[in-house]
Amino acid sequence: MTDARLRRRKIVNGLMFSLTAACTIACLAVLFVILGYIVYHGAAALDWSFLTRLPKPVGEPGGGIANAMVGSAKIVALAAVLGVPVGVLGAVYLHEFGHNRIGFVIRYAADLLNGMPSIVIGVFAYGLIVLPMKRFSALAGSAALAVIMIPIVLRSTEEFLRLVPASLREAGLALGVPRWKVILLVVIPSAWGGILTGILLAVSRIAGESAPLIFTAFGNRFWDNGWLNPMSALPLTIYTYAISPYEDWHRQAWAAAMVLVLVVLAGNVLARLLMRGGRGASNA
Amino acid sequence: MSDERTYSILEARGLSAGYGSGDAIRNVNMHFYDKRITAIIGPSGCGKSTLIRCLNRMHEEIPGTQVRGVVALSERNIFHMDPVRLRRQVGMVFQRPNPFPTMSIFRNVAAGLILNGLRGERSLAEVVETSLRQAALFDEVKDKLDQPALNLSGGQQQRLCIARALAVEPKVLLLDEPCSALDPIATAKIEELLLQLKDQLTIVMVTHNMQQAARVSDWTGFMLMGELVEFGRTDEIFTTPRDPRTQDYITGRFG
Ligand SMILES: Nc1ncnc2c1ncn2[C@@H]1O[C@H](COP(=O)(O)OP(=O)(O)OP(=O)(O)O)[C@@H](O)[C@H]1O
Ligand SMILES: [Mg+2]
């Protein structure tokens, strides 16, 4: 090889390396700029009373987001109760019986649903639950979030079920254990760490959704009156406060955003830790 | 050709099986005698695993398989039996040790009983101890029964899998190359153990290792390209084979 060619290769190599490194840095930079910006604006308004108080009446400065935090937790919890069993059991079905056209169609539908804009799902819940019941309700919000959650849980659970070696299932079947028991007591426990991780990631994803809640859970400036009534949620508070004309509300929107981001981040980190823990346990 | 001191507990009659495109085994006729060890030998890809999996219908776990012919367990066609009940009578040990990773040693052995909710006269602890003793593993693990099964060595894991299969008290135990992932010492232990188990149950073993077949089996079937070329007493197969292809294989001329 001639020296000139070698030099050219080195230059191209160097260029490509810098390019990829620059793109990586750009990716990370966006994340950190967002985080930094939120913390910069949010930390100022964040204190204990902000977390423990109800919102003040419009016009009065101060107040907190206690009801929104509780509301978010309740709406997301109900969404998980509705969505997780459907997603997990659906994944079991796909994994066991989905090696045909039906399986292909279900997977494809799940991926389409996954790509569906969340506001469309909100409209769907509005038409299907809010209008017939003639009321905004936390239930409708949870249902919308559950619909968003199902395809995520379905696909991630199926991925992790797929990672369970066929030899384990065969070991169970060869002992004369019925198929459903093998799935329930051998296959799912072996994939449990991963399944839980997928569930947590889906939960942190829906915890940050605001669009599907706007015309379902609607929001509420007080403690909620149960599942069949409007309920506050962090993303709704952020949305309402951010588009308001009041300086003090902008401040609170930042602080609420910071709380939400921290919670979602914590969920993500927990999910990763669990994943590692789960892997470790099955390797131990 | 038969074994005058025992009877055929399991029998393949005109058995053919395949994976969608063509047959992997063709028209296999074979007897498995009660409380005897039968070895199935033959070059890679000749259909040994396919045959042995048909014997407790584990082939059904591979999508697209089809079977013709009959396998009879005590004169009952297994293809008309409930596969779950069949597999409690005809257990299987696989090539790679596959203990349940989420379970302790104890629970692995007891798994068949726990998962099936079977509780006989004997306590779980008794069954586990007996099975581990039968698998010549008890002394090595008796102090760590509650440790994860994956902490054991490969050879120990394989004996654990044998113990697990024995715990449900099958009449027939199928082993598909049980020693191919093991070193010679672990292999010797398993061979010894099979010879001891012969008093209690019928053993069918696939092996690549002709010395192993000669050492442990009473009967041997030699397969080639999906056909059972020759089946007979192990000493006869290895000393005076009738088919020239068997002769070639056992003298190492091919395969
Ligand atoms: N899952 C499968 N799908 C399609 N064909 C298969 C499958 N398993 C085995 N076969 C084919 O069936 C034939 C017999 O395979 P089998 O696994 O029974 O051979 P074997 O004698 O056990 O070989 P080895 O000694 O390598 O384990 C081979 O030609 C193989 O290609
Ligand atoms: Mg094989």
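So, the lining of the largest cavity, sorted by class: it has 7 nonpolar residues, no polar ones and 1 charged. Keep in mind, everyone, that this is a predicted model.

Who are these residues? From chain A we have A:Ala171, A:Ala174 and A:Leu175, and from chain B there are B:Met92, B:Phe94, B:Cys161, B:Arg164 and B:Ala165. If you want to find the spot on your screens, look for helix 7 of chain A, residues 166-174, and helix 6 of chain B, residues 154-167; these are the elements that give two or more residues to that lining. Which helix gives the most? That is helix 6 of chain B, with 3 residues.

And how much volume does the largest cavity have? About 40 Å³. With a cut-off of 30 Å³ or more, the count comes to 1 cavity.

Now let's turn to the pockets, and to the second largest one in particular. Its volume is about 400 Å³. There are 14 residues lining this pocket, and the closest to its centre are A:His99, A:Arg169, A:Arg179, B:Glu61 and B:Pro63. In chain A, helix 3, which spans 66-97, and helix 7 each supply at least two residues of the pocket lining.

What about the classes here? The lining of the second largest pocket has 7 charged residues, 5 nonpolar and 2 polar. Put that beside the largest cavity, with its 7 nonpolar residues and 1 charged. Helix 7 of chain A is a nice one to keep highlighted, friends: it gives two or more residues to the cavity lining, and it supplies at least two to the lining of the second largest pocket.

Note on methods
Residues numbered from 1 in each chain as written. Chains lettered and ligands numbered in written order. Predicted model: local features only at pLDDT ≥ 70, side-chain atom pairs only at ≥ 80, totals over all residues. Heavy atoms only, no water. 1 Å grid on protein atoms, 1.4 Å probe; cavity = no way out; pocket = protein on both sides within 12 Å on 5 of 7 lines; lining within 4 Å. Points joined across faces, edges and corners; volume = space filled by probe spheres on them. Helix = DSSP H or I, 4+ residues; strand = E, 2+ residues; numbered from the N terminus. Nonpolar A, V, L, I, M, F, W, Y, C, P; charged D, E, K, R; others polar.
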